[in-house]
Amino acid sequence: MIDLVVENIGGGSAFDVTFSKPLPINCFGIEKSDGDGELVPKTGFPSVSPGQRYIFNGGQYAGLESNLGNGLSVIIKYKFRSPIGFLRKSSESYVLGIKHLKGMPTRVSADQAVVDALKGPNTTTVQQIRNELRAINRQLQLMVKQREKQNGDVGD
């Protein structure tokens, strides 16, 4: 499976994000394409906050290859506010392609990828969720102990 990730790596919000061409997603096929898949429309997104990402299921290699060919050149246009508050326009040009992935093995299953994300040195979303759940659990345990102490259930 290959994901298409659209992420705002800038320091401010991007508004009226549009694409010059629709982006192919859900394109499946291992040996050959099983159909046309779907598209992220050219209209894009009304707003993308800094660090926000949209992750789409791009599909499998052959399905995407049939839609991307040797590469799909896309221009992304957006608006942003300058540091002094003026609304500015900008654009970026990208080429979406997957030819470089041909023959690359999938080394781990999805289950193993989650385990690796939990153990890895870089902070991941899964690790952040785990850490937040641990913090909530600690707070709940403290609240239970305090309530038991107030009700006289626990001796001094």
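Arg53 counts as partly exposed, at 46% relative accessibility. In this predicted model, the side chain of Arg53 meets that of Glu7 in a salt bridge, with 3.4 Å from N to O. Glu7 sits in strand β1 and Arg53 in strand β6, so the bridge ties together parts of the chain that are 46 residues apart in sequence. Glu7 is partly exposed too, with a relative accessible area of 35%.

**The salt bridges**

The structure holds three salt bridges, and here they are side by side.

| Pair | N to O distance | Citation |
|---|---|---|
| Glu7 and Arg53 | 3.4 Å | side chains meet |
| Lys79 and Asp16 | 3.3 Å | side chains meet |
| Lys99 and Glu65 | 2.7 Å | side chains meet |

The side chains of Lys79 and Asp16 form one of these bridges. This pair links distant parts of the chain, with Lys79 in strand β7 and Asp16 in strand β2, 63 residues apart. Lys79 is partly exposed at 27% relative accessibility, and Asp16 is partly exposed at 40%. Asp16 has a further feature to look at in the backbone: its phi is near 50°, a positive value in a residue other than glycine.

Lys99 and Glu65 make another of the bridges. Here the link runs from the loop between β8 and α2 (110-119), where Lys99 is found, to Glu65 in helix α1, 34 residues away. Lys99 counts as partly exposed at 40% relative accessibility, and Glu65 does so at 25%.

**The overall layout**

Stepping back, the chain has three helices and eight strands. Along the sequence they follow the pattern β-β-β-β-β-β-α-β-β-α-α. Of the 156 residues, 20% count as buried. The chain exposes about 11600 Å², and carbon and sulfur atoms supply 53% of that area. Among contacts between residues at least 6 apart in sequence, 64% join residues at least 24 apart.

**Strand β2 and its partners**

Which strands does β2 pair with? Strand β2 (residues 14-19) runs antiparallel to strand β5 (residues 45-48), and three bridges join them. In this pairing, Phe15 has Ser47 of β5 as its bridge partner. β2 also pairs with strand β7 (residues 72-81), again in the antiparallel sense and over three bridges. There, the bridge partner of Phe19 is Ile76 of β7.

**The core and helix α1**

Phe19 appears again in the interior. The largest nonpolar core has 20 residues, and Phe19, Leu23, Phe45 and Phe56 touch the most other members. β1 (2-7), β2, β3 (23-25), β5, α1 (61-68) and β7 each supply at least two residues of this core. Leu23 gives a good view of the packing: leaving out residues up to four places away in sequence, Leu23 touches Leu4, Val6, Glu38, Leu39, Val40, Val74 and Leu96.

Helix α1 has its own buried residues, namely Tyr61, Ala62, Gly63, Leu64 and Leu68. Their cover includes β1, β3, β6 (53-59), β7 and β8. After α1 comes Gly69, with a positive phi near 60°.

**Two loop residues**

Asn26 lies in the loop between β3 and β4 (38-40). Its phi is near 50°, a positive value in a residue other than glycine, and Asn26 counts as partly exposed at 22% relative accessibility.

Is Phe86 buried or exposed? Phe86 is exposed, with a relative accessible area of 54%. Phe86 is found in the loop between β7 and β8 (87-96). Setting aside neighbours within four places in sequence, Phe86 is in contact with Phe80 and Arg81.

**A nonpolar patch on the surface**

Finally, there is helix α3. Ile136 lies in this helix (residues 125-150) and is partly exposed, with a relative accessible area of 47%. Together with Ile129, Leu133, Leu140 and Met143, Ile136 makes a nonpolar surface patch of about 500 Å². The spacing of such residues can be read against a general rule: an α-helix has 3.6 residues a turn, so residues three or four places apart point the same way.

Notes. Residues numbered from 1 in each chain as written. Predicted model: local features only at pLDDT ≥ 70, side-chain atom pairs only at ≥ 80, totals over all residues. Heavy atoms only, no water. Patch = residues over 30% accessible without salt bridge, like charges linked within 9 Å, V, L, I, M, F, W, Y side chains within 5 Å. Areas by Shrake-Rupley, 256 points an atom, 1.4 Å probe, with all protein chains shown as cover. Salt bridge = Lys/Arg side-chain N within 4 Å of Asp/Glu carboxyl O. Helix = DSSP H or I, 4+ residues; strand = E, 2+ residues; numbered from the N terminus. Buried < 20%, exposed > 50% of the residue type's maximum accessible area, 1.4 Å probe, protein only. Pairing = 2+ DSSP bridges. Contact = heavy atoms within 4.5 Å. Core = buried A, V, L, I, M, F, W, Y, C linked by side-chain atoms within 4.5 Å.
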